[in-house]
Amino acid sequence: MSDYLPNEVIIDILKRLPADSLIRCRCVCKSWYSLISTPHFITTHLNFNLSKPKTQHQLLFCHYDHNLDKHRITLHSSNDPFPRNHFSKYLNYSDPAIHMRLLCLDLEVEDKGGFFAYPSDFVELDCSYEPINQISTIVGSSNGLLCLTHRYRNDSQYQYLYVLWNPSIHKAISLPVPDLRLNSIRHYALSHGFGYDPATDDYKLVRVVYVDGSVLPQVEMYTLRSGGWRYLTAYGPANVIADLTLSVFMNGVVHWLAQTPNGEGNIRNVIVVFDIGHEVFDEISVPKSLEGMEHLNMEVAVVDGLLALVPCNGNEWELEGEESYSIWVMREYGVVESWTKLFDIDVGVGLRRVVGFTKNGEVLVIKGGKLLSYEPSSQEIFNPHIRSRTESFYLNTYVESLVLLNVADGE
């Protein structure tokens, strides 16, 4: 059939197919195999998926399942990832004892194992193969490509295993070991950022490492196109990014919340930014009312495409200063005066951190080791019965892509 259709028509048809179907289509003939594997088609397919209405996008959710002793990564609706009728729709409403069943539903759900014991409203991704099953942290994700890391000790050094994984095509590659080795007898503060550079059509991972409390860090970057690490000549931020601070990527820039000493024994909270295209650091001011707080207990996030600050109170036994409950957004990127407080999260004492936001306006938070869905307008709280360590939860928008398809397997 392809002999009678122009190449442009074939591309227009194939770009609409899901990734797993395109993998099978490569077996139809040599010309289709070559076409689907080209960078041009991979980009065309990605752009088509990105152009779909946001309501059709999915959310990628990760947490550590203590019952199964492994990380679980699942896909959910971006509008309502944890529906309130998830459990009740399994009930028989003609049952004479339905009222008693409803009263005891929470206990029944806990006994069965929580949200994921009811097989609907999510799709589980296969994490059983090496090296995905070794992951402990998701650094970030972009265009359907996930950057994963796991720390392990090798003699007197701490090493980090890095993996790029595209679940849509069931492909992962291990990255080479970074040049900077972390000796266990020295103190390090290490943070990561991951994102996509459209100018070079490249995916980049940056490491910012402070050694023994040094003011200026060492900065390394891995690029998928080069397949290797290199030190950056640009000066790293003089601000101190705490160890394993979470980052967000937007507008071609990685963002971390950091502190900088003012030389008088006081500190100033700022957002450190790194432009992955120009490979330069800069900073963005936080709201004036938060600038001088010694223990801010917040982290950066993205809310409806806006840079945000959200609560991150850590573990109860590690908490310093007052707990944070407020959501702030920067209405106009880079304009300090546009910082606006949206609302406070009213779930009572013990809010640990914000995991993410849904398209229907709900906020997913962690309290007491449990994931809760909070509706700001009504202040209603829904418990989807998902428990785990606070730091194991991850949520981000997910889009199918063919990224990594034309990259050689292995390291």
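**Exercise 1. Is Glu220 buried or exposed, going by its relative accessible area?**

Before we start, a word on the model: it is predicted, so local features need pLDDT of at least 70 and side-chain atom pairs count only at pLDDT 80 or more, while totals for chains, interfaces and linings use all residues. Residues are numbered from 1 along each chain as its sequence is written, and side-chain values use heavy atoms, with hydrogens and water left out.

*Step 1.* Get the cut-offs straight: buried is under 20% relative accessible area, exposed is over 50%, and partly exposed is in between (1.4 Å probe, protein chains only).

*Step 2.* Glu220 comes out at 1%, so that makes Glu220 buried.

*Step 3.* Now place Glu220: the residue sits in strand S11 (residues 218–223). Strands here are DSSP runs of E with at least two residues, helices are runs of H or I with at least four, and both are numbered from the N terminus.

*Step 4.* Look around Glu220. Skipping neighbours within four places in sequence, its contacts (heavy atoms within 4.5 Å) include Pro178, Asp179, Leu205, Trp229, Arg230 and Tyr231. Take Tyr231: 11 residues separate Glu220 from Tyr231 in sequence, yet their C-alpha atoms are 4.5 Å apart.

*Step 5.* Check where the Glu220 side chain points: it reaches the backbone nitrogen of Asp179 at 2.9 Å. That is a polar contact, meaning a pair of N or O atoms within 3.5 Å; within protein, one must be able to donate a hydrogen and the other to accept it, and residues adjacent in sequence count only if both atoms are side-chain atoms.

**Exercise 2. Work out which residues pair with Glu279, and what those pairs tie together.**

*Step 1.* Start with the general idea: side chains of opposite charge can pair when their charged atoms come close. The cut-off for a salt bridge is a side-chain nitrogen of Lys or Arg within 4 Å of a carboxyl oxygen of Asp or Glu. By that rule the structure holds 15 salt bridges.

*Step 2.* One of them joins the side chains of Glu279 and Lys204, at 3.9 Å from N to O. Glu279 is in the loop between strand S15 (267–275) and strand S16 (280–285), and Lys204 is in strand S10 (residues 202–211), so this pair ties together parts 75 residues apart in sequence.

*Step 3.* Arg230 is another partner of Glu279, with the closest N and O atoms 2.4 Å apart. Since Arg230 belongs to strand S12 (residues 228–231) and Glu279 to the loop between S15 and S16, this pair ties together parts that are 49 residues apart in sequence.

*Step 4.* Compare the surroundings. Glu279 is buried at 18% and Lys204 is buried at 6%, whereas Arg230 is partly exposed at 37%.

*Step 5.* Put the pieces together: Asp197, Lys204, Arg230 and Glu279 are linked in a network of salt bridges. Beyond its salt-bridge partners, Glu279 also touches Met221, Leu232, Ala234 and Phe274, leaving out residues up to four places away in sequence.

**Exercise 3. Describe the salt bridge between Lys288 and Glu291.**

*Step 1.* The closest N and O atoms of this pair are 4.0 Å apart.

*Step 2.* Lys288 and Glu291 are 3 residues apart in helix H7 (residues 288–291), which puts about one helical turn between them.

*Step 3.* Lys288 is exposed at 66%, but Glu291 is buried at 17%.

**Exercise 4. Find the largest nonpolar core and look around one of its residues.**

*Step 1.* Such a core is a set of buried Ala, Val, Leu, Ile, Met, Phe, Trp, Tyr and Cys residues joined through side-chain atoms within 4.5 Å.

*Step 2.* The largest one has 38 residues, and Leu14, Leu164, Leu205 and Leu402 have the most contacts inside it.

*Step 3.* Elements that each supply at least two residues of this core include helix H1 (7–14), helix H4 (39–50), strand S6 (157–166) and S10.

*Step 4.* Zoom in on Leu164. Beyond neighbours within four places in sequence, its contacts include Leu145, Ile173, Phe194, Tyr222 and Leu404.

**Exercise 5. Sum up the chain as a whole.**

*Step 1.* Count the elements: the protein chain has 7 helices and 25 strands.

*Step 2.* Of its 411 residues, 50% are buried.

*Step 3.* Finish with the contacts: among those between residues at least 6 apart in sequence, 53% join residues at least 24 apart.
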